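Notebook open. I'm starting with the ligand site and then moving on to the aromatic rings.

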Amino acid sequence: MSDALEIPGHLTLAPGNGGLLKAIVETPWSHAEIYLHGAHVTHFQKIGEPPLLFMSAASQFAEGSPIRGGVPIIFPWFGPRDGFPAHGYARTSTWKLTETCLLSNGAVTLRFTLPSTDGFQVEFLVTVADSLLMELSVANRSTEVAQIETCLHTYFQISDISAISITGLEGVTYLDKVAALSHSESCPIQISSEVDRVYGDTRATVDILDPGFQRSIRVEKTGSDSTIVWNPWIEKSKRMADFGDEEYPHMVCVESGNVAGNAVTLAPGASSVLGVRLSSF
Ligand code: TA6
């Protein structure tokens, strides 16, 4: 890995958990860590605030295994697929860090490329500042029409699942994967059991209101028509070896992408960009 990618005082490359290489980023507002494994943002924290992202203490950090927490990149499919890894192969691949930059305002950008994949050119651009901006671009370099699903499967650190409410999805129809039915609600989301909901045809900004941490987290998105809300609760937590039994009260996933009926069809030469900005106030 070239030292030229490091930016003294702002970006350092070093071995992280499991010996996997990570970029350590410092800005005037925040710090972040991004592993080349999965181009996985594992940490983002504004100075003076709790971490914005949740990371399981039981997560694996190993070639071929997904990291449990932060922002897993989901591509080219969402969910299980017989004979293939759930949520696609992007999150378990080693990406190449191709470019880093210190902007004049002190923000730091990092560009990652996913090594050749089935005729797609896949890049991930991360901008670390007082907010965290992530842009996943996929171009179809083949001669065939392709259908893909993309998602930034973000795990948020919260004070307690019983304390939070989630706004922005009121009135949006969702597939409830726990109850196997479609539904919509007119009030903010409050969670008191396993929740696994795929909201379709929505470009809404979502806020996670967390009075316990005296902060709200804002999830803004572009190029995304699906939002997924997930908390495994007790029984599913116990079934996940890379997730602590007692961790579910301190996390919630609000995921931004294009899945199921919002999957993206790319003609030869076409591309799509999924953008997500995370901020807090
Ligand atoms: O986004 C919610 C979900 O699809 C859940 O059904 C659950 O499986 C979660 O993703 C985690 O999936 P993973 O493959 O990372 O264990």
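How far does a polar side-chain atom of Arg91 lie from an oxygen atom of the ligand? I looked it up in this predicted model and got 2.8 Å.

I checked two more side chains in the same way. A polar side-chain atom of Asp196 lies 2.6 Å from a ligand oxygen, and for Arg68 the value is 2.9 Å. I then asked how much of the ligand is covered: the protein takes up 84% of the 390 Å² of accessible area that the ligand has on its own.

Next, the shell. I listed the residues around the ligand: Arg68, Phe78, Ala86, His87, Arg91, His153, Lys177, Asp196, Ile228, Trp230, Lys236 and Glu255. Sorted by type, that shell gives me six charged, four nonpolar and two polar residues. I also looked at the pockets, and the ligand takes up the space of the largest one.

Then the rings. My search of the whole structure turned up 11 aromatic pairs. I picked out Trp77 and Phe84, whose ring centres are 5.5 Å apart. Their planes sit at 70°, and edge-to-face needs over 60, so I logged the pair as edge-to-face.

Are these two partners buried or exposed? Trp77 has 6% relative accessibility, which is under 20%, so I put it down as buried. Phe84 comes out at 52%, over the 50% cut-off, so I put it down as exposed.

Last entry: I followed the pair outwards and found that Trp77 and Phe84 belong to one aromatic cluster with Phe75, Tyr89 and Phe120.

Technical notes:
Residues are numbered from 1 along each chain as its sequence is written. This is a predicted model: local features need pLDDT of at least 70, side-chain atom pairs count only at pLDDT 80 or more; totals for chains, interfaces and linings use all residues. Side-chain values use heavy atoms; hydrogens and water are left out. A residue is near a molecule or strand if one of its heavy atoms lies within 4 Å of it. A polar contact is a pair of N or O atoms within 3.5 Å; within protein, one must be able to donate a hydrogen and the other to accept it, and residues adjacent in sequence count only if both atoms are side-chain atoms. Accessible areas come from the Shrake-Rupley method with a 1.4 Å probe; for residues, only the protein chains shown count as cover. On a 1 Å grid over the protein atoms alone, a cavity is a set of points where a 1.4 Å probe fits but cannot get out, and a pocket is an open set with protein on both sides within 12 Å along at least five of seven lines; lining residues have an atom within 4 Å of a point. A molecule sits in a cavity or pocket if more than half of its atoms lie within 2 Å of its grid points. Ala, Val, Leu, Ile, Met, Phe, Trp, Tyr, Cys and Pro count as nonpolar, Asp, Glu, Lys and Arg as charged, and the others, Gly among them, as polar. Rings of Phe, Tyr and Trp (its six-membered ring) pair if their centres lie within 6.5 Å; planes under 30 degrees apart count as stacked, over 60 as edge-to-face and the rest as tilted. Buried means under 20% relative accessible area, exposed over 50%, partly exposed in between (1.4 Å probe, protein chains only).
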